[in-house]
Amino acid sequence: MAKHLHITGIVQGVGYRASLDLQARTLGLYGWVRNRRDGSVEAMIRGEVDAVQKFIEWARRGPPAARVSGVTVHEVEDALVADGQFEVLPTK
């Protein structure tokens with residue numbers, strides 16, 4: 001199962017990407033996360049259904065300093081998320 005997430009709120013400058021990276025690695029997910037120039041965070045993930053659901057639930061809360069106002073989730077083709085590690089990408 002693969003998902004594309006767009007996270008809004010106070011999610012930059014609060015350790016959101018680093019915490020999300022740790023969460024993804026802990027759950028055994030593949031994919032990436034990056035800040036967006038508009039102040040949001042974007043992530044693409046792939047993995048087992050239960051792990052993806054737990055990841056999305058965590059994304060809705062974020063780390064303690066974050067104030068998540070919204071998480072938009074779209075299903076994507078598994079092939080769009082390469083095997084390997086979860087990565088933190090540069091801002092786009």
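Start by selecting Asp 21: this residue is buried, with a relative accessible area of 15% (buried means under 20% relative accessible area, exposed over 50%, and partly exposed in between, using a 1.4 Å probe and protein chains only). Asp 21 sits in helix H1; helices (H or I, at least four residues) and strands (E, at least two) are DSSP runs, numbered from the N terminus. Show its surroundings, and apart from neighbours within four places in sequence you will find Asp 21 in contact with Phe 86 and Val 88, where contact means heavy atoms within 4.5 Å.

Before you go on, please keep in mind that this is a predicted model, in which local features need pLDDT of at least 70 and side-chain atom pairs count only at pLDDT 80 or more, while totals for chains, interfaces and linings use all residues. Residues are numbered from 1 along each chain as its sequence is written, and side-chain values use heavy atoms, with hydrogens and water left out.

**Next stop: the annotated pair**

Stay in H1 (residues 16-26) and select Arg 17. Then add Asn 35, which lies in strand E2 (residues 30-35). An unreviewed UniProt entry annotates Arg 17 and Asn 35 as "active site"; UniProt positions are given in the numbering used here, feature names are shortened, and annotations may be inferred rather than shown by experiment. The two span 19 residues in sequence, yet their C-alpha atoms are no more than 7.6 Å apart, so they gather at one spot.

Now colour the pair by accessibility. Arg 17 is partly exposed, at 27% relative accessible area, whereas Asn 35 is buried, at 9%. Zoom in on the side chains: that of Asn 35 makes a polar contact with that of Arg 17 at 3.4 Å. A polar contact is a pair of N or O atoms within 3.5 Å; within protein, one must be able to donate a hydrogen and the other to accept it, and residues adjacent in sequence count only if both atoms are side-chain atoms.

Widen the selection, leaving aside residues up to four places away in sequence. Around Arg 17, the contacts include Val 33, Val 41, Val 88 and Leu 89. Around Asn 35, among them are Gln 12, Ser 40, Thr 91 and Lys 92.

**Then on to helix H2**

Select residues 49-61. These 13 residues of H2 should span 18 Å at 1.5 Å a residue (the expected span is 1.5 Å times one less than the number of residues), and the end C-alpha atoms are 19 Å apart, which agrees. Show Ala 51, Val 52, Phe 55, Ile 56, Trp 58 and Ala 59, which are buried in H2. Look down the axis: the buried residues fall within an arc of 165 degrees, so they line one face of the helix. That arc is taken from the directions from the helix axis to the C-beta atoms.

What do the buried residues of H2 pack against? Display strand E1 (2-10), H1, strand E3 (41-46) and strand E4 (67-76), and you have the partners. On the other side of H2, Asp 50 and Arg 61 are exposed. Step past the helix to Gly 62, which follows H2 and has a positive phi, near 75 degrees.

**Last stop: the whole chain**

Zoom out to see 2 helices and 5 strands, in the order β-α-β-β-α-β-β along the sequence. Of the 92 residues, 42% are buried. Among contacts with a separation of 6 or more, 78% join residues 24 or more positions apart. Along the principal axes, the C-alpha atoms fill a box of roughly 30 × 25 × 20 Å.
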